[in-house]
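Thanks for sharing this one. Here are a few friendly notes to read with the structure open beside you.

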Amino acid sequence: MSRAVVGLVAALVVLAPRGVAAQDRLAEARAAAFAGKYEEAIGLYQRAVRERGSADAARGLAESLRTVGRYADAEQVGETRWGLSNLVGEVRLARGDLAGAAAAFARALERREPDSLRALLNLAVMRLERGDQDSAFWEFDRFIDVYNGPGRLTSDELAAVAEAVWRLGQRDPQLFKDALRAFDRAIAADSTNLDAQVRLGVLFLDKYNGAEARATLDAVLRRNPNHPTALLGVARVMRFEGAGDAAEQVRRALAVNPNLVAARVTLGELLLEREAFAEAAAEAERAVSINPTSLEAWTLLAGVRFIAGDSVGFHEARTRAFGLNPTYAEFYARLSDLASRNRLYHRAADLAGQGVGLDSTSWRSHALLGVNQLRLGQMAEGRRSLERAFAGDPYDVWTKNTLDLLDVLDRYAMRRVDPVTVVADAREAELLELYVGPLAREAYDSLARHYRHRPAPPIRVELFARHADFSVRTVGLVGLGALGASFGPVLAMDSPSARPPGEFHWGSTLWHELAHTFHLDLSRHRVPRWLSEGLAVYEERRARPGWGMPLDLGFLMALREGKLHRVSELNRGFTAPESPEALGHAYYQAALVCEYLAVGRDPSVFREMLVAYGAGASTEQVFRAVLGTDLAHVDTQFERWMRERFASALTALARHGSGGGGPQSADAVIARARVARDDFVVQLGAGRALLERGDLTAARAALERAAELMPEYAAPDSPLWYLGQVHRRAGDPRRAAQVLGRLVRLNAAHLPALRDLAAVLDSLQDGAGAVAALDAAMFVYPLDPEAHDRLARLASRMGRRDMAVRERRAVVALAPSDRAGAQYELARAHFEAGDLSSARAAVLRALEQAPNYAQAQDLLLAIRAAQARPNR
């Protein structure tokens, strides 16, 4: 063998492992990047670039640097290699270098680089975002020819086609389906194209399909848990669905890429919803500093300043946005959405209207205009706006659901009962009018005296027979867990028929929502959510004993474990609750804050606070000017006050658990109760178990101890409820009446207790008390004909003629099987009340149903005789 051949073989022996190692390193880098281990991937790519100098390694390095927000480094790498011009353009675009980005995209096209189709898309998007819609849509339309052409498209190219067709859907909504198919083909061509999968998830969310969006994005995150745009997409889904801490999810994305402007904007919007104006402004400023040509960043900054009442700053930010794109209708659409999320419904409608005026194809602006017109009671105008929105985008589920709801409302009856207009299912309207109208009038007059203010009537009160309809009215999609909502001039709430009997107190809910009308009006819709909700519960409690939320063990546990918010952060409990239970705790705590603030102060203090908010003051300014204190002091003092107030209850709760956890047998609980005298949970459990066994004496002792340990506890399983059963079974109605009366004074929504109390008081010949208990039950559940009949008889016996008439009218409204009998009883009630004309009309209706009804005939004769008397 010659020396030359030997040398060549030796060289190959040496070089082959180095080439294999470099190739393996490139594969390792790709695997690390795909798994979201970006810093590891960057190191591996850098070594691969040094060793091999390949374009693939350079591309991987530049993409990884871009993903973590190292835009300048990514641009530098991209400029050193052929074929990366589009990536360079996208990095420059992310930094706000429009001219440089356009030049890079044009270079990619001129050189026919592998990403040239994506570069063509980016140029078209740039034209669209700078207001040249016709040119942009002409370019987008070319992608359909590419899609239908003879050439085989790569996964990235198919994704680019999908993006273009998605935008064409703005003018032809049927093309959204084609965009979906193109994304599906892109993913089928390369299942590792996670960016295409993320964009598919965003498309689903754009079309209001939260479930598909979440499933698609979660699939990406299972493969790459650090994919920043997937993390951001999930945060947007969470915000859309109102579930989970979306802000924390955005922060996960920003931990990967702190320069992701879209994430900064989303976080700013979430902070703005929480009324954290300073933090939202900081995010907006950070976003525009990263990319000074970002339309969404300038829009956020304008929104922050608008909501905060900074008109000069708002106009400055708006000028910057429209300097970039003079036809940017999305500016007004996004501001309208932010305004409505901050309960500025009039302003939201005005902003959406400006969006429509700027671009008649801004379907989102049409939809937001329509929804906010409905919230202001402008029903015909709202329908027209929503119909235009749906014609332009028939895949908008929010708009479709709202239009369907308007069809439902068209079938509802509308009755004016000053100061409200009651809108209810025609099958219930006659009944509900009897209670809603008088209660609303009482609430309006009481609140007007308290706040020295009278919102313009009539206030529209919508009562929905289906909770799903209420949810659509208040959000646009089903799934809301609340019972009522106030937009100011319009209230929406569940009808009593929308919930199982006794599940909610519709009377206190109506009072609560009407209180919001006063709070919003006085503060010009600028009152913080925590104060508005706390005041509304506080007003419920002022209205009647037992109205408002009762104390529950979950709240006490949260207090004990330090899981409640400080007053200065209480808004977060409403805007980003960790769970439905946590939201309930925020309501209860906010009412306690109002109770605390009222101590030793003039009753007008809350009016002064609302007026100050309306003048543009911040919460810190309101506390200093009106209350003479600061938030930090209130945080400390309120916490102390709350723990002192619930000291005995917290002690009784703290005792529980020291004897071992987990479910225990009734015998074990009863045995433990003998020694755990200060454990509320054990005493209550033992009392219930003993009651079930019929050991009334021992049950009474345990339940009385439980009630002593926690006297405010009035939930459905309150020891007072079981004590009432003990006394009734023991034949002691007086003690039963005492404990049941105490229970309903703490919780007037306890329907079984109200009914039992009425029966016990009636047996004790306390007719007035029985009437009061049954009357209170009507504000919990008014759909029981037997309860109305019972109350009518008691009211008649007690000489409560007007109430007897009301109850007989209620029986008739419930369409009983014996309609003639119901009309006859109504006629009798009118006759006893001296209303002969109404009595005659009712008895004639009875006789129409049953012409041979002897008692009705006799009553008609008596009515005629009374009408014929000279003194009439």
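1. Let me start with β3, in what is a predicted model. Both faces of this strand are covered: Ile459, Val461 and Leu463 are buried on one side, and Arg460, Glu462 and Phe464 are buried on the other. Strand β3 spans residues 459-464, and six of its six residues are buried, so the rest of the structure largely encloses it. For reference, buried here means under 20% relative accessible area.

2. Next, the neighbours of β3. Strand β2 (residues 420-425) runs parallel to β3, and five bridges join the two. Within this pairing, threonine 421 stands opposite arginine 460 of β3. To get from β2 to β3, the chain passes through helix α24 (residues 429-451), and this β-α-β crossover is left-handed. You may like to look at that crossover in your viewer.

3. Strand β5 (residues 490-494) is also parallel to β3, again with five bridges joining them. Here valine 461 of β3 faces leucine 491 of β5.

4. Now the internal space. How many cavities of 30 Å³ or more are there? The count comes to one, and the largest cavity holds about 50 Å³ of space. Ten residues line this largest cavity, and the closest to its centre are Val371, Arg375, Thr402, Val472 and Arg473.

5. As for the make-up of that lining, five residues are nonpolar, three polar and two charged. Helices α21 (363-375), α23 (397-410) and α25 (467-474) each supply at least two of the lining residues.

Definitions and conventions
Residues numbered from 1 in each chain as written. Predicted model: local features only at pLDDT ≥ 70, side-chain atom pairs only at ≥ 80, totals over all residues. Heavy atoms only, no water. 1 Å grid on protein atoms, 1.4 Å probe; cavity = no way out; pocket = protein on both sides within 12 Å on 5 of 7 lines; lining within 4 Å. Points joined across faces, edges and corners; volume = space filled by probe spheres on them. Helix = DSSP H or I, 4+ residues; strand = E, 2+ residues; numbered from the N terminus. Nonpolar A, V, L, I, M, F, W, Y, C, P; charged D, E, K, R; others polar. Buried < 20%, exposed > 50% of the residue type's maximum accessible area, 1.4 Å probe, protein only. Pairing = 2+ DSSP bridges. Right-handed = clockwise from strand over helix to strand, strands pointing away.
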